[in-house]
Amino acid sequence: QVQLVESGGGLVQAGGSLRLSCAASERTSRRYFMGWFRQAPGKEREFVAAVSGSGGNTYYADSVRGRFTTSRDNANNTLYLQMNSLKPEDTAVYYCAAITRPYSIGRYYRWQEYDYWGQGTQVTVSS
């Protein structure tokens, strides 16, 4: 099993930055495909960003492209999400997730493709 623990959430003013971390319980030398999702109250969970096992390929939702950057440090079993120019509409609980089973790369944006999830970290952006 893979255990994922997010950290780094908090309250920030619009235009500010936060860096989320996701620590994995086992060596990410296994190089699982990993992603970030978020869920605001009353809304469905939505894709934010994803990164391939090697870290060489990244994928972003249109709403965050150019503002958010995801990366991974496989030596330290950690996934990151750098969030800049934050907006009030970015307010949500942010989750990291991993795909450990065979998958279709074309479905990386679907939360149903991910089989391990962290507990989430709250990000609140004030206007």
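Trainee: Which residues have the most contacts inside the largest nonpolar core?

Mentor: Keep in mind that this is a predicted model. As a general point, nonpolar side chains in soluble globular proteins tend to be buried together. Here the largest nonpolar core takes in 36 residues. Those with the most contacts inside that core are Leu81, Met83 and Tyr94.

Trainee: And which strand supplies the largest share of this core?

Mentor: At least two core residues come from each of S3, S4 (33-39), S5 (46-51), S8, S9 and S11 (121-126). The largest share is 6 residues. The strand that gives them is S9.

Trainee: OK, let's zoom in on methionine 83. What does methionine 83 touch, not counting residues up to four places away in sequence?

Mentor: Methionine 83 is one of the residues with the most contacts inside the core. Tyr94, also in that group, is among the residues methionine 83 touches. With sequence neighbours up to four places away left out, the full list is Gly16, Ser17, Leu18, Leu20, Arg67, Phe68, Tyr94 and Val123.

Trainee: On to the sulfurs. Which cysteines form the disulfide, and where do they sit?

Mentor: The structure has 1 disulfide, and its sulfur atoms are 2.0 Å apart. The pair links distant parts of the chain, with partners 74 residues apart. They are cysteine 22 in strand S3 (residues 18-24) and cysteine 96 in strand S9.

Trainee: Is the disulfide of cysteine 22 and cysteine 96 left-handed or right-handed?

Mentor: Look at the torsion about the S-S bond, which is about 55 degrees for cysteine 22 and cysteine 96. Because of that torsion, the disulfide is right-handed.

Trainee: Are cysteine 22 and cysteine 96 buried or exposed?

Mentor: Anything under 20% relative accessible area counts as buried. Cysteine 22 comes in at 1%, and cysteine 96 at 0%. So cysteine 22 is buried, and cysteine 96 is likewise buried.

Trainee: Now the backbone: what is the phi of asparagine 77, and what is the phi of serine 85?

Mentor: Most residues other than glycine have a negative phi. Asparagine 77, in the loop between S7 (68-73) and S8 (78-83), has a positive phi though it isn't a glycine. Serine 85, in the loop between S8 and S9 (92-99), is not a glycine either, and its phi is positive too. The values are about 55 degrees for asparagine 77 and about 50 degrees for serine 85.

Trainee: Is asparagine 77 buried or exposed, and what does serine 85 count as?

Mentor: The cut-off for buried is under 20%, and over 50% is exposed. Asparagine 77 has a relative accessible area of 19%, while serine 85 has 41%. So asparagine 77 is buried, and serine 85 is partly exposed.

Methods:
Residues numbered from 1 in each chain as written. Predicted model: local features only at pLDDT ≥ 70, side-chain atom pairs only at ≥ 80, totals over all residues. Heavy atoms only, no water. Helix = DSSP H or I, 4+ residues; strand = E, 2+ residues; numbered from the N terminus. Buried < 20%, exposed > 50% of the residue type's maximum accessible area, 1.4 Å probe, protein only. Disulfide = S-S within 2.5 Å. Core = buried A, V, L, I, M, F, W, Y, C linked by side-chain atoms within 4.5 Å. Contact = heavy atoms within 4.5 Å.
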